[in-house]
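Student: I'd like a close look at one strand pairing here, and then a tour outward from it. Please take it slowly, as I'm new to this.

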Amino acid sequence: MTTLLKPLRRIAAYAVCADSSGRVLLVRASEHSGTPGAWSLPGGAVDHGEDPNHTVVRETAAETGLSVAVSGLADVLADMRALPDRGITIHTDRLIYRVAVRGGTLADRVGERPTDLARWYTLDEARELPLRSFTARALGLPASSADVVPDEAPEFPSFYAVPGPDGLHRAQRFAAYAVCTDPAGRVLLTRVSDGYPGAGCWHLPGGGTDYGEQPGAALIRELVEETGQTGRLVELLGVASHRDAASLGPEGYPIDWHGVRAFYRVVVDQPNPLTVADVGGSTCEARWFGREELGALPTDRLTEVTAEAVQAAQLT
């Protein structure tokens, strides 16, 4: 019964890398891994405070011997897999980047963990391999059965902090946010409640994803909860990574906070009256802003991810 396994969460970044012949770079999971013999994109866990762009470069070099440069964000997705022999089930938020090789020599890591081989494969060849599910999806190939999927999503807190090596509590959280517009071109923002980091600032609607939840579904859910609006997901715009070494929130003690946030373009075709359903939570107000009004807001009145996302969406 996978429902009895201990739940864990992590954030990871991976590389989709093709050579001049159209072959893709894949790595094989070693016998020390949770899925020995399965093939996947090179990549791995995002360290606390690390920009995922740096993660994918670091992990690709470690697993393949190649130095790569990130050229863009391809996709963001989430999945669960059960590892009964280890007594755990893992939810992973995966950031998939397009990269290009800039140097190095392809090298194996026999006897190492968690991967031992690195190879170039055509898509037809990759189709015949035991691929991790997220890798098959990223390459547009049929779903693989290399992962064991839990029976159901376990209960898991939406926020948790653990003591870090320096004694200060630390938290790493993945969230999804909406750059949301209506037919008139107005932009929907929410205001952060007192007692929360960024109190009083204007923020994008959205928030932390639940265990087992896809980021797109999470932000549509959060949009309804925070503003009363039903939105239509249009496109992935980017990912922001921010660290606050001593964030203060309702917990009442400093937290070394690392937030990784995917932001999407969302359209509300028929605006409803604005309502905040989660009374007493992190959102105290929702409001539509005209483009000129949004552009006139001082930078210090916007949260970091909001300023970055609005710029990426070319709204100001």
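Tutor: Put your finger on Arg28 and look across to β3: its bridge partner there is Trp39. Keep in mind as we go that this is a predicted model. The pair you just found belongs to the contact between strand β2, residues 24-29, and β3, which run antiparallel and are joined over two bridges. As background, strands of a sheet pair through backbone hydrogen bonds, in either the parallel or the antiparallel sense.

Now widen the view a little. β2 and β3 are part of an open sheet of three strands, in the order β3-β2-β7, and the pairing is antiparallel. Why do β3 (39-40) and β7 (115-121) each have one side without a neighbour in the sheet? Both stand at the edges and have a single partner strand, so nothing in the sheet sits on the other side of either one.

Between β2 and β3 there is a loop, and His32 is found in it. Is His32 buried, exposed or something in between? Its relative accessible area is 34%. Buried means under 20% and exposed means over 50%, so His32 counts as partly exposed. For a feel of distance, take His32 and Gly295: the two are 263 residues apart in sequence, and their C-alpha atoms are 53 Å apart in space.

Compare that with another pair. Val260 and Ala45 are 215 residues apart along the chain, with 12 Å between their C-alpha atoms. Val260 has its place in strand β14. Its relative accessibility is 0%, so Val260 counts as buried. Much of the strand around it is covered too: in β14 (residues 255-267), 12 of the 13 residues are buried.

So what does β14 pair with? One partner is strand β9, residues 169-181, which runs parallel to β14 over 13 bridges. You can find this contact at Gln172, whose bridge partner in β14 is His258. The other pairing to look at is with strand β13 (residues 232-247), which is antiparallel and has 12 bridges. Here Arg232 stands opposite Val267 of β14.

From β9 we can step on to β10. These two strands form a hairpin with five residues between them, and in the turn Gly185 has a positive phi of about 85°. Their pairing is antiparallel, over two bridges, and Cys180 stands opposite Leu188 of β10. How enclosed is β10? Five of its six residues are buried, so the rest of the structure largely encloses this strand.

β10 has further pairings to trace. Six bridges join it to strand β15, residues 283-289, with the two running antiparallel; look for Val192 opposite Thr283 of β15. Strand β11 (residues 202-203) also pairs with β10 in the antiparallel sense, over two bridges, and there Thr190 stands opposite His203.

Several of these strands meet again at the largest pocket. The space in this pocket is about 1,100 Å³. It is lined by 39 residues, and the closest to its centre are Arg173, Tyr177, Tyr196, Trp257 and Ser282. The elements that each give two or more residues to the lining are β9, β10 (187-192), β12 (206-208), α4 (215-227), β13, β14 and α6 (304-312). Which of them gives the largest share? That is β14, with five residues. Sorted by class, the lining has 15 polar, 13 charged and 11 nonpolar residues.

α6 deserves a stop of its own. Its buried residues are Val305, Thr306, Ala309 and Val310. Those four cover an arc of only 125° around the axis, so they lie on the same side of α6. Turned away from that buried side is a face carrying the exposed residues Glu304 and Gln311.

Last, a note from the database. In an unreviewed UniProt entry, the annotation "domain: Nudix hydrolase" covers residues 7-144 and 171-311. Over residues 171-311, the chain is 41% strand and 18% helix, with 27 Å between the end C-alpha atoms.

Methods: Residues are numbered from 1 along each chain as its sequence is written. This is a predicted model: local features need pLDDT of at least 70, side-chain atom pairs count only at pLDDT 80 or more; totals for chains, interfaces and linings use all residues. Side-chain values use heavy atoms; hydrogens and water are left out. Buried means under 20% relative accessible area, exposed over 50%, partly exposed in between (1.4 Å probe, protein chains only). Two strands pair if DSSP finds at least two bridges between them. On a 1 Å grid over the protein atoms alone, a cavity is a set of points where a 1.4 Å probe fits but cannot get out, and a pocket is an open set with protein on both sides within 12 Å along at least five of seven lines; lining residues have an atom within 4 Å of a point. Grid points are joined across faces, edges and corners, and a volume is the space filled by probe spheres set on the points. Ala, Val, Leu, Ile, Met, Phe, Trp, Tyr, Cys and Pro count as nonpolar, Asp, Glu, Lys and Arg as charged, and the others, Gly among them, as polar. UniProt positions are given in the numbering used here, feature names are shortened, and annotations may be inferred rather than shown by experiment. The arc is that of the directions from the helix axis to the C-beta atoms.
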